[in-house]
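Okay, thanks for coming, everyone. I'll put the model up and then walk through the spots that caught my eye.

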Amino acid sequence: MYKNYEVESFEGEEFILERLAEFGFSRGQSFQLVGRSLFGQPYIAKIGNLKVALRAVELESIKVKV
Amino acid sequence: MKKVALVGPPNAGKTSLFNWLTGSNFKTVNYPGATVNFFRGDALEQYGFACEFIDTPGVYSLFPKSQDEEITQKILIGENSEVSPDQVIVVIDATQFERHLNIFHQVSALNIPTIVAVTMLDILKESGQSIDLNILSKELGVPVVGIDGLLGGGVQELMDSVAGRESEKSSQIEPEALQKWTQEIFTEFGLENNRLHKLSFIDCKSKRNWHHLKVTDKLDKFLLHPIFGLVFFVVVMSLLFTSIYSFSVPLMDFVDAGFSSLSQYILVAGEQSLWAQFLADGVVTGFGAFFIFVPQVAILFFGLILLEDTGYLARATTLVDRPLSLLGMNGRSFVPLLSGYACAVPAAMAARTITNKKERLLTLFVLPLMNCSARLPVYALLLTFFFTGKPMWYGGVALAAIYFLSIIVGALAALILRRFIKDSGQSLFMMELPLYRRPRIMPVLSQVLAKTKFFVRKAGPIIFALSLVIWVTSVFPNYEMTDDVQRLQSSYIAQAGHLMEPVFEPMGVDWRVGVGIISAFAAREVFVSALALVFNVTEENAIGGDGSEESVAATLLEKMKTAKLANGGLIFTPATIIGLIIFFMIALQCLATVGVIYQETNSVRFTVFQLVSFNVVAYLLAVGVQIFA
């Protein structure tokens, strides 16, 4: 099973944050990291039924609850 | 006629629905004043209501981040009256209900009469859930119709809704409708969507397995695996390449035979008059030189659309994002680069999905270095000459090496150029990986047809016009001469070859090969036929006398062996052959590609720099081989 992460806040370029929001990443939303591609990235995140490939810089824009 | 725009996120089943609504009665068009294309088509008569549908590029919101998305926004706000919709159908994937509803809210703010089409209900059903469309319709205040993308269920109901819906849209778009959504607005609508989900979703007690989701998870473990995924990727791409080059052979032969027969018929019927020659050797052969590659381009489109429809293309793009980003490009550069191996013209158009300008320019710059299929006949001739008397596989290995070398050269070019193109903001990859699905063959074929037609309309005229120019310059001024070889040797193109001989000499070749190189600017493969003509090889005097392509090629190879420069030295030495291969590998000769790259970049500077730098580097390398060999 994969670890659940809960979105706490966002920090980064505006257009990355916009696209994250369009993909359903919002405060309090949980997601899982289910894989990594060739050479370590993009990361594969699962949010609800949706799978999204995200580069490290895009993923780093999401601050999660520890 | 009423115009209805289909709007929705990528992979929501929008194009499949468009296909049900219009059949194959649609065409690819450019947005006025822009290079982005989309589909337009009339509704099938069987639905009993005439209207025009516009299949807009997929969007995640109405706040664009790429050229494609910008066009959807422009269409919706009615920037251009020609494509301003009277109604909008928002296509929502039931399995992504809450997320996709955001587009409905954004479209609603534009005050355009809207209908919601919900797709993928069959996949949702696997999880034991369904949607009460009546409740949803009541809550949203617009008609909501369920669509079966596989069998076309619900399409008539949708058309009835389109026919019955008022088309009176407000001429005034509230400014706040175009203001970007903040996190707070997303959260606010998130709560609303959650409420709608709870109200309209029906959960059956006996939940079944969500087959598609489970299959997708299982397949992704393998297909996105850093090693197994890469192996599978190489296998899929090899299959695609093999298909492009092998399945197209009978079709290309058919096209070739068709145009040759027509050309022969015209010559005989026109008693070899100048007009008959113009029609046969100029017009028909010019069309033939272009149409012979259409099967390869169509097979490439078929492969790419099929892979996209299954959901694999997004995975392939993800797999190569990191290697390509190290070169300054993006995973999204992969499809254009791959397409470049068939033809750079549609490949350049495919680069529009790349949001970052620098990554897009780098992709467009590197594209012509991917060995398009027009180079194959040239390589075939030169390698056959080079490996005469050697086992066949020598040539095969050398051809593979040329392809590999072109990737290395492309990577180097990208690495060098990335230093000179200004950064244009942060690069964005973030890509949805849709559920794997069985491809729907009819929508795939319809799209292949539309895209191929668009390619023919776009690239055809340029290649055809150039072919005519080459014909005119190779026939005039002594068009009355009956001996083809003598006529060519005294033609304008030969005069140009003679004039440019000092330029070609350092490459180790004379004016005759120069004529071949100049002719290749119409289409690279013309190099072979031009060479045959200047070396006095015709169907009549070919070895064996049967006039077949093989006998012409064999005769040309024989002539090449003994062809001499004015100083008595051989023209075709190993150094000349290697130099010519390198020249053809790098030189940007295809003027159709140059034209499309100009259209895509809208930059004379970029286009001229690319044209000059590629040709100068190709020339210098060919000369370098001659000097150091």
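Let's go straight to the loop between α3 (97–108) and β6 (114–119) of chain B, because that is where B:Asn111 is found. This is a predicted model, by the way, so keep that in mind throughout. B:Asn111 isn't a glycine, and yet its phi is positive, about 60 degrees. As for surroundings, B:Asn111 is partly exposed, with a relative accessible area of 33%.

There's a residue in chain A with the same sort of backbone story. A:Phe39 has a positive phi of about 60 degrees, and again we're not talking about a glycine. Where does A:Phe39 lie? In the loop between β2 and β3 of chain A. And is A:Phe39 buried or exposed? Exposed, with a relative accessible area of 59%.

Stay in that loop for a second. A:Pro42 is also found there, between β2 (30–36) and β3 (43–47) of chain A. The peptide bond joining A:Gln41 and A:Pro42 is cis, with omega about 5 degrees.

Chain B has a cis bond to show you too: the one from B:Phe476 to B:Pro477, where omega is near 10 degrees. If you're hunting for B:Pro477, look in the loop between α18 (441–475) and α19 (484–489) of chain B.

Back to chain A briefly, for a residue in a strand. A:Val52 sits in strand β4 (residues 50–54) of chain A, and A:Val52 is buried, with a relative accessible area of 0%. Along the chain, A:Val52 and A:Val34 are 18 residues apart, and their C-alpha atoms are separated by 10.0 Å.

Now cysteines. How many disulfides does the structure hold over all chains? Zero: 0 disulfides. Take B:Cys343, which is in no disulfide; the nearest cysteine sulfur belongs to B:Cys590, and that is 6.3 Å away. So why no bond from the B:Cys590 side? Because the closest cysteine sulfur, in B:Cys343, is 6.3 Å from the sulfur of B:Cys590, which is too far; the cut-off for a disulfide is 2.5 Å. Both cysteines are tucked away, if you're wondering: B:Cys343 is buried at 16% relative accessible area, and B:Cys590 counts as buried at 15%.

Next, the surface of chain B. There's a nonpolar patch formed by B:Phe404, B:Leu405, B:Ile408, B:Leu412, B:Leu415, B:Ile416 and B:Phe420, and together they have about 710 Å² of accessible area. To pick out one member, B:Leu415 lies in helix α17 (residues 392–417) of chain B. B:Leu415 is partly exposed, with a relative accessible area of 34%.

Zooming out to the whole of chain B, the domain assignment gives domain 1 (2–208), domain 2 (209–370) and domain 3 (456–628). How far apart are the C-alpha centres of domain 1 and domain 3 of chain B? They lie 52 Å apart.

Last thing, confidence. The mean pLDDT of chain B is 86, and 94% of its residues reach 70 or more. Which strand of chain B has the lowest confidence? That would be strand β2 (residues 26–30) of chain B, at a mean of 75. Confidence in chain B is highest in strand β8 (residues 144–146), at 96.

That's my tour. Shout if you want to go back to anything.

How values were computed: Residues are numbered from 1 along each chain as its sequence is written. Chains are lettered from A and ligands numbered from 1 in the order in which they are written. This is a predicted model: local features need pLDDT of at least 70, side-chain atom pairs count only at pLDDT 80 or more; totals for chains, interfaces and linings use all residues. Side-chain values use heavy atoms; hydrogens and water are left out. Buried means under 20% relative accessible area, exposed over 50%, partly exposed in between (1.4 Å probe, protein chains only). pLDDT is the predictor's confidence in each residue, from 0 to 100. Helices (H or I, at least four residues) and strands (E, at least two) are DSSP runs, numbered from the N terminus. Patches are made of residues with over 30% relative accessible area and no salt bridge: like charges are joined within 9 Å, nonpolar side chains (Val, Leu, Ile, Met, Phe, Trp, Tyr) within 5 Å. Accessible areas come from the Shrake-Rupley method with a 1.4 Å probe; for residues, only the protein chains shown count as cover. A salt bridge is a side-chain nitrogen of Lys or Arg within 4 Å of a carboxyl oxygen of Asp or Glu. Domain bounds come from an automatic or database domain assignment.
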